[in-house]
Amino acid sequence: MAEKLCGPARPPPNRPGDALPWAEPCLEVHGQGGVKFQNWAKTYGSSPELYFQPTSVEEIREILDMARQRGKRVKVVGGGHSPSDIACTDDFMIHMGKMNRVLKVDKEKQQATVEGGVFLSDLNVELSKHGLALANLGAVSEVAAAGVIGTGTHNTGIKHGILPTQVIALTLLTASGEILECSESINTDIFQAARLHLGCLGIVLTVTFQCVSQFYLHEVAFPSTLTEVLDRLEEHLKRSQYFRFLWFPHSENVSVIYQDPTDKPPSSSASWFWDYAVGYYLLEFLLWISTFVPSLVCWINRFFFWLLFSSRVENIAISYNIFNYECRFKQHVQDWAIPIEKTKEALLELKAALENNPKMVAHYPVEVRFVRGDEIWLSPCFQRDSCYMNIIMYRDGQPPRTLFLLQAHSCTRKDFEKMYPAFPKFCSVREKLDPTGMFLNAYLEKVFY
């Protein structure tokens, strides 16, 4: 079912010979009913009353006008990779996939301005044509530019911030239909809020990224132990520009990963047999068996470390092909940012919890990354260097979810006010830009009320 929305006519001046005033035809916006939205992992979903794919700012304005008239809320989606229900709604949903142009690339300033719906995977290719690149990327690039900054996407590298720190300007369409230009010098408070906006300030129309010259990365992965990595953490952080490690729960096993710029030619030691036949299909089969015998998870973690991660592996490729990797399994995810000085304490506490509770199991890997502090109001790295602990539970082989539930986010506004010093500032901006809560949903109500 599709519904045609028609906003109010905007009459131009009368033309010579017109007997009566006339109105130009109204802009038609088609909303589709019966659409079922699901995030990438299929862990959350909703059935919006109307689903829109606008192609222009005027169409979005018409949608907001209609939402206002009908008392509906509006949520915007991009790639749908958020592991939460932050984008879900039963009212109006806007998919920005048709507003996905790269608007301008300034090679001299090394800056790129894009529409909010452009996927980073497409932007990476376009930037490469101009000899440019983003300095850092998350694991997935099938994500929209506006979504990346909406959720504070990050990778690793203690000299690098979360991805929104690469944003130097943006334009925001508010609930009232006003377009705001935002940067460090224009609407500065709104800019600091909108660089991690949670989808609740308005609709991000354009984003300007500060880029760098195109570069290649040399990735080296080698085995180690949790004790060694934690005892020599400072040394690892200094040794590699993009350092992270994978811990295999129920063991001491760790895979250390260094990624650093290089002038060497591309090369790869990847193997289809090991990456897919073993790393995907065999693992999928064993995870399925573990749903009936959860104790197998401990063995699976040790076995796959020995099989795939116990030797040194090297790859060289253009930066975005090293930053990105394929998330082959649908998964539940919890990603926690803690002060970097708490890294050792937190991981040892998690390890002890698993050792002391035999029925508590955790899939591999727990990915540990490190990010530079920033000044973005809702950044988990606000005014502090942080360690991110990424805990996953594969949906294809889900044993009892004790560990996952133990780690799940259940924070309220009072909690956020303690964790984020600038949270009251953000709330003040949100209430001014969206006083009626047009861009809220059930998830965000728990955050702000």
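Reader: Let's start in the sheet: which residue in β22 is the bridge partner of E367?

Author: Bear in mind that this is a predicted model. E367 sits in β21, where it stands opposite L246. On the β22 side, β21 and β22 (residues 386–394) run antiparallel with 5 bridges. In that pairing, the β22 partner of E367 is N390.

Reader: And in what order do the 8 strands of the open sheet come?

Author: The pairing in this sheet is antiparallel. Its edge strands are β18 (267–268) and β20 (331–339), and each of those pairs on one side only. Reading across, the order is β18-β19-β15-β17-β16-β21-β22-β20.

Reader: How many residues of β16 are buried?

Author: Take the two faces in turn. Y242, R244 and L246 are buried on one side, and F243, F245 and W247 are buried on the other. The strand is largely enclosed by the rest of the structure, because the buried count for residues 242–247 is 6 of 6.

Reader: What about the hairpin of β16 and β17: which residue in the turn has a positive phi?

Author: The two strands pair in the antiparallel sense over 6 bridges, and W247 has V254 in β17 as its bridge partner. Between β16 and β17 there are 5 residues. The one in the turn with a positive phi, about 70°, is H250.

Reader: How many bridges are there between β16 and β21?

Author: β21 covers residues 366–371, and its pairing with β16 is antiparallel. L246 facing E367 is where you can look for it in the model. The bridge count is 4.

Reader: Over to the packing: which helix gives the largest share of the largest nonpolar core?

Author: That core has 66 residues, with L120, F209 and F448 touching the most other members. Skipping neighbours within four places in sequence, F448 has contacts that include F423, F426, C427 and R430. The largest share of the core is 5 residues, and they come from helix α13 (residues 423–433).

Reader: How many residues are in the second, separate core?

Author: Among its members are L226, L233, L237 and C387. This core is separate, and its size is 27 residues.

Reader: Last one: over which residues is the pLDDT below 50?

Author: Across the chain the mean pLDDT is 89, with 90% of residues at 70 or more. One stretch falls below 50, though it still has 14 contacts in the model beyond near neighbours in sequence. Where pLDDT is low, the coordinates shouldn't be read in detail. The stretch to treat that way is residues 8–25.

Conventions:
Residues numbered from 1 in each chain as written. Predicted model: local features only at pLDDT ≥ 70, side-chain atom pairs only at ≥ 80, totals over all residues. Heavy atoms only, no water. Core = buried A, V, L, I, M, F, W, Y, C linked by side-chain atoms within 4.5 Å. Buried < 20%, exposed > 50% of the residue type's maximum accessible area, 1.4 Å probe, protein only. Contact = heavy atoms within 4.5 Å. Pairing = 2+ DSSP bridges. pLDDT = per-residue confidence, 0-100.
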